[in-house]
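The report that follows describes the salt bridges, a sheet and a surface patch of the structure shown here.

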Amino acid sequence: MKKKLTMFLSHALVALLATLITLVLLSGGITNRYTKLEQLQALIERYYIGESDEATMQDAAAHAMVDALGDRWSYYIPQSAYNAYQEQMNNAYVGIGVTISTRKDGSGLDVIAVTEGSSAQSAGIMVGDIITAVDGQSISGMGSEQVRNFIRGEVGTTVSISVKRGEEAHAFSVLRQEIQQKVAGGQMLSADVGLITIENFDSRCAEETIAAIQSVIQQGANKLIFDVRNNPGGYRDELVKVLDYLLPEGLVFRSEYYNGKTEEEFSDAKCLDLPMAVLVNGESYSAAEFFAVALKDYDRAFTVGEQTCGKGYFQTVYELQDGSAVGLSIGKYYTPKGQSLADIGIKPDIPVQVDEETAYAIRYNALEPENDPQIQAALARLEKE
């Protein structure tokens with residue numbers, strides 16, 4: 001009897017201590033040592049009846065904290081997505097060299113572009129093929145991002161790609177390699193007008209853009225159309241290098257940081273004195289918008305297309321201890337004439353709206369210039385100058 005009583009008192013004491021600890025935790029008795037999130041995590045770990053995953057909870061909390069800023073331009077990058085983010089900024093990735101798009105019926109993915117010189121091209125994959133399986137696994141119902149993760153892997157390894165081509169099925173063993181994404185390119189639209197397409201302002205943008213400009217000039221271009229539609233922006237340094245090449249001496253960029261510090265970037269006297277136009281749309285962001293406005297501020301170009309989004313903040317990416325990262329808005333930028341584009345964007349000098357089908361074709365480079373109403377509007381205006 002005495003032994004049972006001792007056991008009962010022992011259990012009661014443990015329960016009492018646990019209750020007191022919980023009450024202290026909830027009453028804020030240790031708030032100087034623990035944050036609200038730490039208290040919540042401790043309670044979940046101790047008392048939650050179901051299963052919980054710490055990494056998932058922390059990712060959700062991080063997303064929520066950044067979202068709570070109310071800033072559409074700040075963002076959280078989970079550890080699982082950070083490598084892909086870095087690849088994007090470097091305009092290089094490990095893969096096979098295809099651009100894919102999800103089919104509306106969910107039956108597979110359309111191959112809409114094959115990179116020149118890539119292992120996909122060498123293996124025989126063609127534009128128009130429909131990818132149906134990767135390494136023997138059906139991709140029916142999967143999104144393009146999920147399939148990209150299946151295709152990508154270690155350099156030097158192979159992946160099996162099954163495609164449907166017309167009524168025939170084909171399978172290709174394709175070597176994974178480092179793919180350098182093309183950032184900018186040029187082509188002649190007429191005897192004297194060159195088209196320069198800039199995909200983004202990330203790594204290698206200035207080098208490839210200037211090379212493309214020089215190439216079309218050598219072919220006889222004395223008027224230029226720049227296409228920054230669907231261009232998400234990128235690095236300030238790359239943008240400034242391109243503007244310095246194009247613009248006369250003067251201020252091209254001013255940054256204002258969170259702490260009040262300002263920085264100014266200038267171009268030198270050497271410039272390219274040619275009539276220019278810039279194509280923009282609702283997916284032209286940040287440096288793409290700024291590029292168009294800077295040329296316009298110096299009376300070097302007019303704009304054609306659709307209203308842009310209006311991004312006036314710039315971000316810095318900070319890596320966190322678990323390999324995730326946060327892109328945080330830390331300042332504002334201003335055009336040469338001192339204008340902020342935040343929530344304003346660009347209203348084109350020549351507005352040309354396109355339907356959804358045409359916009360899709362433009363995004364995936366599936367529309368020939370002669371069928372592109374925005375290119376044709378810019379070309380018509382330039383030919384009058």
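In this predicted model, the count of salt bridges comes to 16. Side chains of opposite charge can pair when their charged atoms come close. Three of the pairs are set out below with the closest N to O distance.

| Acidic residue | Basic residue | N to O distance |
|---|---|---|
| Asp-105 | Arg-103 | 3.7 Å |
| Asp-129 | Arg-165 | 2.7 Å |
| Asp-372 | Arg-229 | 2.9 Å |

In the pair of Asp-105 and Arg-103, Asp-105 counts as exposed because its relative accessibility is 56%, above the cut-off of 50%, while Arg-103, with a relative accessible area of 23%, is partly exposed.

The salt bridge between Asp-129 and Arg-165 links distant parts of the chain, since Asp-129 lies in the loop between α5 (119-123) and β5 (130-134) and Arg-165 in strand β7 (residues 158-165), 36 residues apart. Asp-129 has a relative accessible area of 1% and is therefore buried, whereas Arg-165, at 25%, is partly exposed.

Arg-229 and Asp-372 form a salt bridge with their closest N and O atoms 2.9 Å apart. Arg-229 is placed in the loop between β12 and α8 (236-246), and Asp-372 in the loop between α10 (356-363) and α11 (373-383), so this pair ties together parts that are 143 residues apart in sequence. Both Arg-229 and Asp-372 are buried. Salt bridges that share partners also join Arg-236, Asp-237, Lys-261, Glu-263 and Glu-265 into one network.

Turning to the strands, an open sheet is formed by 6 strands in the order β10-β11-β12-β15-β16-β19, with mixed pairing. Its edge strands, each of which pairs on one side only, are β10 (184-188) and β19 (350-351). Within this sheet, strand β12 (residues 223-227) pairs with strand β15 (residues 276-280) in the parallel sense over 4 bridges, and Ile-225 stands opposite Ala-277 in β15. Helix α9 (residues 287-297) lies across β11 (193-198), β12, β15 and β16 (301-305), and runs at about 150° to β15.

On the surface, Leu-37, Leu-40 and Met-65 form a nonpolar patch whose accessible area is about 300 Å² together. Met-65, which is found in helix α3 (residues 54-67), is classed as exposed because its relative accessible area is 54%.

Notes. Residues are numbered from 1 along each chain as its sequence is written. This is a predicted model: local features need pLDDT of at least 70, side-chain atom pairs count only at pLDDT 80 or more; totals for chains, interfaces and linings use all residues. Side-chain values use heavy atoms; hydrogens and water are left out. Two strands pair if DSSP finds at least two bridges between them. Helices (H or I, at least four residues) and strands (E, at least two) are DSSP runs, numbered from the N terminus. Contact means heavy atoms within 4.5 Å. Axes are lines fitted to C-alpha atoms, for helices over the stretch in contact, and angles run from 0 to 180 degrees between N-to-C directions. Patches are made of residues with over 30% relative accessible area and no salt bridge: like charges are joined within 9 Å, nonpolar side chains (Val, Leu, Ile, Met, Phe, Trp, Tyr) within 5 Å. Accessible areas come from the Shrake-Rupley method with a 1.4 Å probe; for residues, only the protein chains shown count as cover. A salt bridge is a side-chain nitrogen of Lys or Arg within 4 Å of a carboxyl oxygen of Asp or Glu. Buried means under 20% relative accessible area, exposed over 50%, partly exposed in between (1.4 Å probe, protein chains only).
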